[in-house]
Amino acid sequence: MRLNKYLSEAGYCSRREADRLIGEGRVTINGIRARVGAELGEGDKVAVDGQNVAQRAAGAANKRRHVYIAYHKPVGVTCTTEADVAGNIVEAIGHEQRIFPIGRLDKDSEGLILLTSNGDIVNEILRAENSKEKEYLVGVNKDVTLEFLRGMARGGIAMHGQTTLPCKVSKIGPVGFRIVLTQGLNRQIRLMCTHFGYRVKRLFRSRIVNIQMGHLKPGQWRNLTDAELRGLLPNRTEW
């Protein structure tokens, strides 16, 4: 098996990202710096930045009919399946199966997004999304005040022909706050901040319902666990 395929199937990163890591000298095989295009033999040990990368166990995730993954979307990646859009999310991940993003995260934002090969279920999840929590960490251009936090949490801000619902907001630093939404309006947090005279400098989604970003680095993805799928799709018995 080629080294880039091994890293991809292990859920560490896409093949393209694997080739970049290999080219930077960050990947080793049995402790020796690997080269792009390297082939693996049985029993070879692969590590990235000194950390071992194990093959994914041939368990439940590999017996499912469809793929369900969590991806750490970097800034600059666009959440579209359109192949002619530079930096589209499908090309960035490089998965062997055809996959679709569930919802979106704008190009200037980063963090957790879910994707699946089960196109039939995308709309089902999106219809339920407005009642599911999504957590974000946000950095802004000036001091976060109590008045600002209360205004954000109160809701009632008009956008896209709707108004924002009350939400949970807490301060995490002089210019940072955590916000938990149950809505999914386009560029909602950025527009809410603009309403109060703030500008978002960084927006990071860390959680969707029961699914946490965990230790995924930008550009990495992993399969969802059975427990995560049950929390996301409680009314389904097969995936």
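This note goes through a predicted model of one protein chain, from overall dimensions to two local sites.

1. Overall size. The protein chain has 239 residues and a radius of gyration of 20 Å; a compact globule with that number of residues would be near 18 Å, so the value agrees with the rule. Along the principal axes, the C-alpha trace spans about 60 × 40 × 35 Å.

2. Secondary structure and contacts. Eight helices and 15 strands make up the secondary structure of the protein chain. Among contacts with a separation of 6 or more, 62% join residues 24 or more positions apart.

3. Burial and surface. Of the 239 residues in the protein chain, 46% are buried. The accessible surface comes to about 12600 Å², and carbon and sulfur atoms hold 48% of that area.

4. Charge. The protein chain carries 37 positive and 25 negative charges. The mean positions of these two sets are 5 Å apart.

5. Aromatic pairs. Three aromatic pairs are counted in the model. One of them is F148 with F196, an edge-to-face pair with 6.0 Å from centre to centre and 85° between the planes. F148 belongs to helix 6 (residues 146-154), while F196 sits in the loop between helix 7 (188-195) and strand 13 (200-208), so the pair ties together parts that are 48 residues apart in sequence.

6. Burial within the pair. Are F148 and F196 buried or exposed? F148 has a relative accessible area of 2% and is therefore buried, the cut-off being under 20%. F196, at 27%, is partly exposed, because this value falls between the 20% limit for buried and the 50% limit for exposed.

7. Aromatic cluster. Which residues join F148 and F196 in one aromatic cluster? The other members are F177 and Y198.

8. Site of E228. Where in the secondary structure is E228 placed? This residue is in helix 8, which covers residues 226-232. E228 has a relative accessible area of 10%, which is under the 20% cut-off, so this acidic residue counts as buried.

9. Contacts of E228. With neighbours within four places in sequence left aside, E228 is in contact with N210, I211, R222 and N223. A reader checking the site in the structure can take these residues together with the burial of E228, whose relative accessible area is 10%.

Key
Residues numbered from 1 in each chain as written. Predicted model: local features only at pLDDT ≥ 70, side-chain atom pairs only at ≥ 80, totals over all residues. Heavy atoms only, no water. Helix = DSSP H or I, 4+ residues; strand = E, 2+ residues; numbered from the N terminus. Buried < 20%, exposed > 50% of the residue type's maximum accessible area, 1.4 Å probe, protein only. Contact = heavy atoms within 4.5 Å. Rg over C-alpha atoms; globule rule 2.2 N^0.38 Å. Areas by Shrake-Rupley, 256 points an atom, 1.4 Å probe, with all protein chains shown as cover. Lys, Arg positive; Asp, Glu negative; His and termini not counted. Charge placed at Lys NZ, Arg CZ, Asp CG, Glu CD. Phe/Tyr/Trp six-rings, centres within 6.5 Å; stacked < 30°, edge-to-face > 60°.
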